[in-house]
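User: I would like to go through the packing of this chain. Please take the core, the rings and the surface in turn.

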Amino acid sequence: MCDFTQVEFNCGHARFIVRAWCQTYETTHKRCPPIVVAIEFRRDERCGDCRPATQPSWYFQVVKH
């Protein structure tokens, strides 16, 4: 079984980030059920879905208006 960290965000969403892949995943690339071994709270951040989109600094130099 693969070990995951559950990350809780300010917006209320949660994400599961892999800490270590198990031997079965490394050989077959088929995901097994996650085992949450740690919980991390990021109360000062929003998840990627809720975070406002920001353009890279070079974007405005390339895009013609």
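The questions and answers below cover the core, the aromatic pairs, a surface patch and one strand residue.

Analyst: This is a predicted model, where local features need pLDDT of at least 70, side-chain atom pairs count only at pLDDT 80 or more, and totals for chains, interfaces and linings use all residues. Residues are numbered from 1 along each chain as its sequence is written, and side-chain values use heavy atoms, leaving out hydrogens and water.

User: Which residues make up the largest nonpolar core?

Analyst: A nonpolar core is a set of buried Ala, Val, Leu, Ile, Met, Phe, Trp, Tyr and Cys residues joined through side-chain atoms within 4.5 Å. Buried means under 20% relative accessible area, exposed over 50%, partly exposed in between (1.4 Å probe, protein chains only). The largest such core has 5 residues: Cys2, Phe4, Cys22, Tyr25 and Cys32.

User: Which residues does Cys32 touch, not counting residues up to four places away in sequence?

Analyst: Contact means heavy atoms within 4.5 Å. By that rule, and with those sequence neighbours set aside, Cys32 touches Met1, Cys2 and Cys22.

User: How many aromatic pairs are there, and what is the geometry of Phe4 and Trp21?

Analyst: Rings of Phe, Tyr and Trp (its six-membered ring) pair if their centres lie within 6.5 Å; planes under 30 degrees apart count as stacked, over 60 as edge-to-face and the rest as tilted. The count is 2 aromatic pairs. For Phe4 and Trp21, the centres are 6.3 Å apart and the planes stand at 90°, so this pair is edge-to-face.

User: What parts does the pair of Phe4 and Trp21 tie together?

Analyst: Helices (H or I, at least four residues) and strands (E, at least two) are DSSP runs, numbered from the N terminus. Phe4 sits in strand S1 (residues 3–9). Trp21 sits in the loop between strand S2 (14–20) and helix H1 (23–28), so the pair ties together parts that are 17 residues apart in sequence.

User: Is Trp21 buried or exposed, and how does its ring pair with Tyr25?

Analyst: Trp21 has a relative accessible area of 32%, so it is partly exposed. Its ring and that of Tyr25 lie 4.0 Å centre to centre, with 20° between the planes. That pair is stacked.

User: Which strand gives the most to the nonpolar patch on the surface?

Analyst: Patches use residues with over 30% relative accessible area and no salt bridge (a side-chain nitrogen of Lys or Arg within 4 Å of a carboxyl oxygen of Asp or Glu); like charges are joined within 9 Å, nonpolar side chains (Val, Leu, Ile, Met, Phe, Trp, Tyr) within 5 Å. Phe16, Val36, Ile39 and Phe41 form the patch, with about 390 Å² of accessible area together (Shrake-Rupley method, 1.4 Å probe). With 3 residues, the most comes from strand S3 (residues 35–42).

User: Is Thr5 buried or exposed?

Analyst: Thr5 lies in strand S1. Its relative accessible area is 11%, so Thr5 is buried.
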